[in-house]
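Biologist: Got a minute to walk me through this one? I'd like to start with the helices and then jump around a bit.

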Amino acid sequence: MPKTKVRTVAQHRPAKRRRRFRHDDPTAVHLFSGFGGLTEGIEEAGFTTILAANHNTYKVEIHEANHPHVEHWRADLVDTDAADYHDARDLPAADMLAAGVSCKNHSRANSERAYATGGTLFDTYDEEYESGVTRSERDRATANCVLHYAAVHHPRLILVECTTQLYSWGPLIPGSKKIGDGSTYRWWLKEIEKLGYKHKVLYLNSMFFGVGQSRNRGYWVFWDKNLPDPDLEHRPESWCEGCQTTVEARWTWKTGIPLTGTVDYGKQYHYTCPSCRAEVVPPFTPSLDAIDLSNIGTRIGDRPLKAHTDKKTGHVTWGHLAPATMERADRARRKFGQFPALLMPAKAQRGSERHIWQPMATQTSQQEAALLSVGGALAVAVNNYQGIPRGLDEALPTQCGSETIGIVSTGILPYRKNTIPTMHSEAMPTVTAEQIPALISATGSIDQGVDDWAAEWRRMLADMPIEDCYLRMLNSNEIGRGCGFDVTWSGKEGKFVVWGSERDRVDGYGNAVSPPVGTWIGSRIRPILHGQEAAA
C-alpha cells in the first residue's frame with residue numbers, strides 16, 4: 001500500500017525556563033534555527049534569543065535542550081498550504097532577526113507577487129523550482145520571510161546567512177541550467193532598503209574564527225538607518241613575511257564576484273598586509289583540532305575481503321576496499337612525503353585529500369569523514385617562535401602562516417574519483433553532501449640514531465604496503481567539533497547536548513552556522529544598539 005503522508009499542525013513550545021529579567025540583553029528571533037549554531041554565536045555576543053522556529057521536530061528538540069529559555073515553534077514558515085504552516089509575521093518582535101535563506105533560482109516575478117500578496121513562493125507555481133526542489137531546500141525558507149517579518153516588526157538589526165550563491169538569485173541566464181542573473185537578489189536588497197535599512201555583505205571563512213573547517217559563507221547584515229554604522233571589517237592579526245612583523249590583515253578582493261556568485265577564500269578574495277600590500281595568511285585552525293587520534297581505526301589488511309563490482313564494466317574484483325579507494329589512498333600518502341595521517345571524502349565526485357594540519361572541508365548535511373593514518377603512537381611537535389612539543393591530549397595552537405607544525409603519523413583523503421591530494425599549507429576545500437572524509441594512517445618506527453629522520457620516515461612510507469595503513473570514519477562528535485560546537489570529544493565533556501543517529505547529527509551540524517562566526521558578527525553589531533563604537 002502507498003504510504004500516507006502524515007499531516008501535522010504547527011506546534012508552539014513555551015520556554016522551559018524563564019529569563020531572569022525581561023530586559024537583560026538585546027533580544028533576537030531566530031528563523032530556521034536548526035541545531036542553533038547562529039543562536040549559540042549571537043548569545044555569546046550578548047543577545048538573548050526569545051524565540052526559535054524550525055519545521056524539523058528533531059532539530060527543535062536539540063535546540064530546546066541547549067536553549068531552554070527560548071520559546072519554540074515547530075512549524076513550516078514557508079508553505080502556506082502546509083498543515084503546520086505558521087506565518088513569520090505572527091512571531092514576536094525582537095531587536096534582531098536572524099535567519100538562513102534559500103538561494104534557489106525563483107523567478108523575480110514570482111518573488112514580487114508572493115511578497116506583494118503576503119504569501120510565499122510556494123503560493124505561485126514555479127516550474128523550474130518544482131522540478132528541482134530538494135529536501136535541503138525545504139529545510140530553508142525563502143528570503144521573503146525576512147521581508148515579511150521586517151515589514152511588520154522592523155527589528156533594528158537583521159542577520160541573514162546563506163551560501164554566497166545568493167548573489168545569483170534570479171531567472172536563469174540564457175543557456176545556463178544553474179546560474180541565475182541576480183535580478184531577484186537585487187530586488188530583495190532594494191525592498192529591505194525601502195523598509196529603512198542600510199546593509200553590508202560579509203564573505204567569511206570559518207577557519208579564521210577558531211573553527212577547524214574551511215567553510216565559505218555569506219552574511220548579510222542590515223541595520224536601521226538611524227543607527228551608527230557598525231565596524232564589520234575583518235582584520236585578523238597575521239604575520240607578514242616581507243615586513244617581518246605581525247600586522248592587522250586587510251580583507252582584499254582578488255577577482256570580484258563571478259556570475260555564479262561563488263566567493264571563496266583564496267580564489268575570489270584573500271588577506272593582505274596594510275603596509276606592503278603583500279598577501280598574508282591569517283591564523284587558522286587545523287582539522288587535527290577536531291580529530292581524536294587515540295582511535296586510529298582498523299588496519300586495512302585486516303578488513304574482510306569483499307567483492308566489488310565496476311558499475312560500468314560489471315567486472316568483479318575482490319579486496320579489502322574498493323579498487324578506486326585503495327588507489328586514492330595510496331596516491332595521497334605518497335604525495336604527502338611526511339604522510340602520517342590524511343582525511344578523505346569518501347563519496348565525492350570532487351574533492352581533495354587533506355593533511356590534518358589543514359582545516360576540514362565544508363561540512364554538509366550528508367557528509368561523513370574517514371581517517372587514514374600510520375597507526376601506533378602518534379606524537380605532535382610544534383616548532384615556531386612560541387611553540388613547544390605537545391602531546392595528543394593537549395589543545396593545539398591556532399595554525400598561523402608563520403608556524404611550522406610537524407606530526408609523526410596521519411592524514412585525510414577522499415574516496416571518490418576526481419580527487420587530488422593537496423599540501424598541508426593549503427586550506428581544506430568544500431566537501432559536497434555526498435563526500436565522506438576518511439582518515440588514513442600508517443605504522444612504523446624510526447631509529448633514534450638516524451640523523452635525517454625525515455628522509456628515513458619517507459623511505460619507510462614509500463616501502464609500506466597500503467594494507468598496513470589504518471582507516472576509520474570520523475564520528476559525529478569529531479564533525480561537530482570541526483563545525484565549531486562545544487561537544488563531548490575525546491573523553492572531554494562538552495556543553496552542547498545532542499542525541500540521535502550519526503546521520504541525524506551530521507545533518508544538523510552540516511546545516512549549521514559556525515557559532516564563532518556568529519559571535520564575531522554579533523559582537524560587532526550589538527554595540528550600535530546603544531550608540532557605542534563597534535568592538536575593536
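**Chatting through the model**

Modeller: Sure, and keep in mind that this is a predicted model. A good place to begin is helix α12, whose buried residues pack against α1 (37-44), β5 (96-100), β6 (157-162), β7 (197-205) and β8 (216-224).

Biologist: How many residues of α12 are buried?

Modeller: Eight of the eleven, so the helix, residues 515-525, is mostly covered. The buried ones are P515, V517, G518, W520, I521, G522, R524 and I525.

Biologist: OK, so what about the largest nonpolar core: which residues touch the most other members?

Modeller: L157 and I521, out of 36 residues in that core. The elements giving two or more residues to this core are α1, β5, β6, β7, β8, β12 and α12. The largest share comes from α12, with four residues.

Biologist: And what is L157 in contact with, leaving aside its neighbours within four places in sequence?

Modeller: The contacts of L157 are F47, D95, M96, L97, F222, W223, L227, I525, I528 and L529. There is also a second, separate core of 34 residues, with W73, V78, L91 and V160 among them.

Biologist: Switching helices. Is α6 mostly covered or mostly uncovered?

Modeller: Mostly covered: α6 spans residues 144-153, and seven of its ten residues are buried. Those are N144, C145, V146, L147, H148, Y149 and A150. Just after α6, H154 takes a positive phi of about 45°.

Biologist: Now aromatics. What's the count of aromatic pairs?

Modeller: The count comes to 20 aromatic pairs. One of them is F208 with Y271, an edge-to-face pair at 5.4 Å centre to centre with 80° between the planes.

Biologist: Where do F208 and Y271 lie?

Modeller: F208 is in the loop between β7 and β8, and Y271 is in strand β12 (residues 269-272), so the pair ties together parts that are 63 residues apart in sequence.

Biologist: Buried or exposed, those two?

Modeller: F208 counts as buried because its relative accessibility is 8%. Y271 is buried as well, with a relative accessible area of 0%.

Biologist: What about W251 and Y269, how are their rings arranged?

Modeller: The ring centres of W251 and Y269 are 4.5 Å apart and the planes are at 15°, so that pair is stacked. It links distant parts of the chain, with W251 in strand β11 (residues 250-253) and Y269 in strand β12, 18 residues apart. W251 counts as partly exposed, at 21% relative accessibility, whereas Y269 counts as buried, at 0%.

Biologist: Which residues form one aromatic cluster with those?

Modeller: The cluster is made of Y203, F208, W251, W253, Y265, Y269 and Y271. Elsewhere on the aromatic theme, R481 lies over the face of W489, at 4.0 Å from the ring centre.

Biologist: β11 and β12 came up already. What sheet are they in?

Modeller: An open sheet of three strands, in the order β11-β12-β13, with antiparallel pairing. β11 and β13 (279-280) are the edge strands, each pairing on one side only. Two bridges join β12 to β13, and in β13 the bridge partner of Y271 is V280.

Biologist: And the loop between β12 and β13, what is found there?

Modeller: C273 is found in that loop. C273 counts as buried, since its relative accessibility is 0%. Not counting residues up to four places away in sequence, C273 touches C240, C243, V247, A278 and V280. C273 and V247 are 26 residues apart in sequence, with their C-alpha atoms 6.6 Å apart in space.

Biologist: Last one, N205. Where is its place, and what polar contacts does its side chain make?

Modeller: N205 is in strand β7, and it counts as buried at 1% relative accessibility. The side chain of N205 makes a polar contact with the side chain of S214 at 3.0 Å. Another polar contact of 3.0 Å joins the side chains of N205 and N216.

Biologist: Which residues is N205 in contact with, leaving aside neighbours within four places in sequence?

Modeller: Those are Q213, S214, R215, N216, Y265 and Y269. Y265 and Y269 take us back to the aromatic cluster, where both are members.

Definitions and conventions:
Residues numbered from 1 in each chain as written. Predicted model: local features only at pLDDT ≥ 70, side-chain atom pairs only at ≥ 80, totals over all residues. Heavy atoms only, no water. Buried < 20%, exposed > 50% of the residue type's maximum accessible area, 1.4 Å probe, protein only. Contact = heavy atoms within 4.5 Å. Phe/Tyr/Trp six-rings, centres within 6.5 Å; stacked < 30°, edge-to-face > 60°. Lys NZ or Arg CZ within 6 Å of the ring centre and 35° of its normal. Polar contact = N/O pair within 3.5 Å; in protein donor to acceptor, adjacent residues only side chain to side chain. Pairing = 2+ DSSP bridges. Core = buried A, V, L, I, M, F, W, Y, C linked by side-chain atoms within 4.5 Å.
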